[in-house]
Amino acid sequence: MGFRDLVCEHLAQYKANVMGIKEKGTFRYGGKDIPISHILPIIHSNKNILEQYRDQFLKSEYYPKEKIHRFFHHLNSSQALCFNLFYPLIAENALGLFLQYLKVECKDDLNAFFEKESHIEVSPRRTSFDFYIQVASASRIFVEVKYTERGFAKAKNDNEHRKKFYKTYLPLVKKSSYLVSRCQEENFFLEHYQVLRNLIHISNTDYVVFLFPSANSVVHEETREARDNILTDAGRVRFKIILLEEFVSFLKNNNCIGTPLNEYYKSFHKKYLCYENNSQQSVKPNI
């Protein structure tokens, strides 16, 4: 059984046994609504936020309700995972733990946002980062979160993407000392489209972070390739790789004991990282 299938089977059991929701949600495919076990019925979509901070988050300024993804009601939504991972740190004024884990110095107040659009792209449709921290007036951290995605997106080599490459991205790549020269080639950029749209935001003050489960071997391998073959030595210094399991362990085992976050990240682990305990029997691929 592949990683995505294993996670989706676990989440289907989690929905039924922990959330108490037996009804399947639907995925529209081929003009039909297909019932899928790990998808929430739309009416329950807000329950994809863990209960301890759900109401607080949904009423907060951090909830980007205009930018909720189409598949947010899927329990394997990486957007929901991102909200569940970072909002409690904001709520408990503990976001400094994330910077501590990154080994990024912080002496100022932090401003955090979900679904933050690029500040350097000049385009009607700009890259949007899952999570963003303004550390100081000239220092930023851009976070890309993956969960069960099958790697990073490529772009079609068509007129639309070629035009955007030459108009929007090539000028940025040419100015960057953090990307290898091959990134200026049209085919190479489009082949590594999503990765490079993220990495062009590395600067002498700004970091880019890729966060994902280590068991997602495709994302893991593509991240290593980006670090080793796309970034220069200077770029690698400003690029951070976070394995979800290790960061959650850091939070719940070492730094949140005696706080409300300790039990919370146990609940987070139960939802997102207990797929290792699931059945190893083969199942049909989940959508």
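This is a short talk on the overall build of one protein chain and its two largest pockets.

Okay, hi everyone. One thing up front: what you have in front of you is a predicted model.

Let's start with the whole chain. There are 287 residues, and they are arranged with 11 helices and 7 strands. How does the radius of gyration fit with a compact globule? For a chain of 287 residues, such a globule would come out near 19 Å, and this one has 19 Å, so the two agree. If you'd rather think in box dimensions, the C-alpha trace spans about 55 × 50 × 35 Å along its principal axes.

Now, what about the inside? Buried residues account for 53% of the chain. And if you take the contacts between residues at least 6 apart in sequence, 69% of them join residues at least 24 apart. On the outside, we have about 14300 Å² of accessible surface, and carbon and sulfur atoms hold 46% of that.

Right, on to the pockets. As a reminder, rolling a probe the size of a water molecule over the atoms shows where empty space is left.

The largest pocket has a volume of about 1300 Å³. Its lining takes in 42 residues, and the ones nearest the centre are His69, Arg125, Ala153, Gln194 and Arg197. Which elements give two or more residues to that lining? You'll want to find helix H3 (78-91), helix H5 (159-175) and helix H7 (193-199), plus strands S3 (111-117), S4 (128-136) and S5 (139-145). The largest share is from H5, with 6 residues. As for the chemistry, the lining of this pocket counts 17 charged, 15 polar and 10 nonpolar residues.

Then there's the second largest pocket, with about 300 Å³ of space. Here 15 residues make up the lining, and Tyr62, Ile90, Leu110, Asn111 and Ala112 sit nearest the centre. Two elements to look for are H3 and S3, each of which supplies at least two lining residues. S3 gives the largest share, 4 residues. What is the mix of classes in this second lining? It's 11 nonpolar, 3 polar and 1 charged.

If you want something to click on afterwards, try H3 and S3. Both are on the list of elements lining the largest pocket, and both supply residues to the second largest pocket as well. Thanks, that's me done.

Note on methods: Residues are numbered from 1 along each chain as its sequence is written. This is a predicted model: local features need pLDDT of at least 70, side-chain atom pairs count only at pLDDT 80 or more; totals for chains, interfaces and linings use all residues. Side-chain values use heavy atoms; hydrogens and water are left out. On a 1 Å grid over the protein atoms alone, a cavity is a set of points where a 1.4 Å probe fits but cannot get out, and a pocket is an open set with protein on both sides within 12 Å along at least five of seven lines; lining residues have an atom within 4 Å of a point. Grid points are joined across faces, edges and corners, and a volume is the space filled by probe spheres set on the points. Ala, Val, Leu, Ile, Met, Phe, Trp, Tyr, Cys and Pro count as nonpolar, Asp, Glu, Lys and Arg as charged, and the others, Gly among them, as polar. The radius of gyration is taken over C-alpha atoms; the globule rule is 2.2 Å times the number of residues to the power 0.38. Buried means under 20% relative accessible area, exposed over 50%, partly exposed in between (1.4 Å probe, protein chains only). Contact means heavy atoms within 4.5 Å. Accessible areas come from the Shrake-Rupley method with a 1.4 Å probe; for residues, only the protein chains shown count as cover.
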